[in-house]
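Biologist: I have the model open and want to go through how the helices pack. Can you start with one pair?

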Amino acid sequence: MTPTEVITEVRNILQDADTPYRYSDNDLLGYLNQTIKRMVVLRPDLFGEIGDIPTTAGTAVQSLPTDALRLIDIFQDKGGNAITEVDRETMARYYPDWMNATAGSPVNFMRHVKNAERFFLYPPPASGTVLVGEYSKIPADYALTDTITKPSDAFFPTLVDGVVWLAESADDESINSKRAEFFLQLFTSQLSASLQSRTVTDTKPAGLKPSRTDQIIGEVI
């Protein structure tokens, strides 16, 4: 999908399809880019990018690239071993001096729970260490004819609702009629519903409670 395709549908809903337009293409494009920025904050999982993550040698504290919003996962030392996630408090309890370990090839990573753009490596990485991982990437602003790569085409209606909400919010009459509020509710409910559906698609029990038969079999095993 492209911003132009989204804007065309937005104009149909706004009843702004005849020239001269009430909202210019640039206005609606601005609303679209704002909507995408809001989506990456509300649903960072929709904007995950897998790729190389450079490291700073000799220190346990690491930073994500400047275009990152938050860490999702780290998979491996590029060309080397897998890196597993551990709990920082547990690490500190059993190995208090772990941050001062000799630099080498990292085997563990820990999240910085108070700063989503930072993380920790053990041992601290040697010079030239590059990780392979995934993080939520803040999208650059789109032009009218660009292809929107994140979120996926499945979120076309969500983008439309978000742009309509912002456009209607600029109109006092729409605010008074609660039309803007209606499209805000559509926008947020679609994002939350798609997150809830992951319990069906991304988990072994598919969101269903195990039956008593399953429990009995598990107890026997």
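Modeller: H2 and H4 are oblique to each other, therefore neither roughly parallel (under 35 degrees), roughly antiparallel (over 145) nor roughly perpendicular (65 to 115). This is a predicted model, where local features need pLDDT of at least 70, side-chain atom pairs count only at pLDDT 80 or more, and totals for chains, interfaces and linings use all residues. Residues are numbered from 1 along each chain as its sequence is written, and side-chain values use heavy atoms, with hydrogens and water left out.

Biologist: At what angle do H2 and H4 pack, and how far apart are the axes?

Modeller: The angle is about 120° and the axes are 9 Å apart, for H2 at residues 25–42 and H4 at residues 156–169. Axes are lines fitted to C-alpha atoms, for helices over the stretch in contact, and angles run from 0 to 180 degrees between N-to-C directions. Helices are DSSP runs of H or I with at least four residues, strands are E runs of at least two, and both are numbered from the N terminus.

Biologist: Which residues make the contact?

Modeller: With contact meaning heavy atoms within 4.5 Å, H2 brings Leu28, Tyr31, Leu32, Gln34, Thr35, Ile36, Arg38 and Met39. From H4 come Thr158, Leu159, Gly162, Val163, Trp165, Leu166 and Ala167.

Biologist: How much of H4 is buried?

Modeller: Eleven of its 14 residues are buried, that is, under 20% relative accessible area (exposed is over 50%, partly exposed in between; 1.4 Å probe, protein chains only). Among them are Asp161, Trp165 and Glu168. On H2, the buried residues include Asn33, Tyr31 and Met39.

Biologist: What about H1 against H4, how do those axes cross?

Modeller: H1, residues 3–14, crosses H4 at roughly 55°, and the axes come within 9 Å. H1 and H4 are therefore oblique to each other. H1 contributes Glu5, Val6, Glu9, Val10, Ile13 and Leu14, and H4 contributes Phe156, Leu159, Val160, Val163, Val164, Ala167 and Glu168.

Biologist: Switching topic, where is Asn100?

Modeller: Asn100 is in the loop between helix H3 (88–94) and strand S5 (108–111).

Biologist: Is Asn100 buried or exposed?

Modeller: Asn100 counts as exposed because its relative accessibility is 59%.

Biologist: How far is Asn100 from Ala60?

Modeller: The two are 7.9 Å apart in space, C-alpha to C-alpha, and 40 residues apart in sequence.
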